[in-house]
Amino acid sequence: GASAVVLPPRGAVYSVASRRALDAVRAVVPVLEQLSFDEAFGEPEELAGATVDAAGEFAEELRSRIRSEVGLAASVGL
């Protein structure tokens with residue numbers, strides 16, 4: 001049968017990582033509504049009326065920023 005490894009939760013570590021990641025997002029999306037440790041949404045003013053390509057570029061730049069500043073992979077939906 002299959003076996004599993006169960007690790008104890010590390011809420012303090014997760015909390016710090018979450019704060020750092022969301023701080024990186026707030027640097028470019030100042031008005032951000034946080035829904036949970038790892039989910040938030042905002043409406044960047046510069047994307048109002050943007051093309052699909054411009055919005056995609058914004059999302060990729062945001063993902064890159066989180067990766068370089070925090071070391072975590074992130075998904076960005078538009």
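In this predicted model, Phe58 touches Val28, Val29, Pro44, Glu46 and Leu47, leaving aside residues up to four places away in sequence. Phe58 also belongs to the largest nonpolar core, as do its contact partners Val29 and Leu47.

That core has 12 residues; besides Val29, Leu47 and Phe58, they are Ala21, Leu22, Ala24, Val25, Leu32, Ala55, Leu62, Ile66 and Val70. At least two of the core residues come from helix 1 (11-26), and at least two from helix 2 (52-70). Helix 2 is the main contributor, with 5 residues. In soluble globular proteins, nonpolar side chains tend to be buried together.

The largest pocket holds about 620 Å³ of space. Its lining comprises 26 residues, of which Leu22, Val25, Ala40, Ile66 and Ser75 are the closest to the centre. Leu22, Val25 and Ile66 are also listed in the largest nonpolar core. Two or more lining residues come from each of helix 1, strand 2 (39-42) and helix 2. Helix 1 gives the most to this lining, with 6 residues, whereas helix 2 gives the most to the core. The lining divides by class as follows.

| Class of lining residue | Number in the largest pocket |
|---|---|
| Nonpolar | 20 residues |
| Polar | 4 residues |
| Charged | 2 residues |

Confidence in the prediction can be stated for the chain and for its elements. The average pLDDT of the chain is 91, and 100% of the residues score at least 70. Among the elements, helix 2 has the highest mean pLDDT, 96, and helix 1 the lowest, 90.

Definitions and conventions:
Residues numbered from 1 in each chain as written. Predicted model: local features only at pLDDT ≥ 70, side-chain atom pairs only at ≥ 80, totals over all residues. Heavy atoms only, no water. Core = buried A, V, L, I, M, F, W, Y, C linked by side-chain atoms within 4.5 Å. Buried < 20%, exposed > 50% of the residue type's maximum accessible area, 1.4 Å probe, protein only. Helix = DSSP H or I, 4+ residues; strand = E, 2+ residues; numbered from the N terminus. Contact = heavy atoms within 4.5 Å. pLDDT = per-residue confidence, 0-100. 1 Å grid on protein atoms, 1.4 Å probe; cavity = no way out; pocket = protein on both sides within 12 Å on 5 of 7 lines; lining within 4 Å. Points joined across faces, edges and corners; volume = space filled by probe spheres on them. Nonpolar A, V, L, I, M, F, W, Y, C, P; charged D, E, K, R; others polar.
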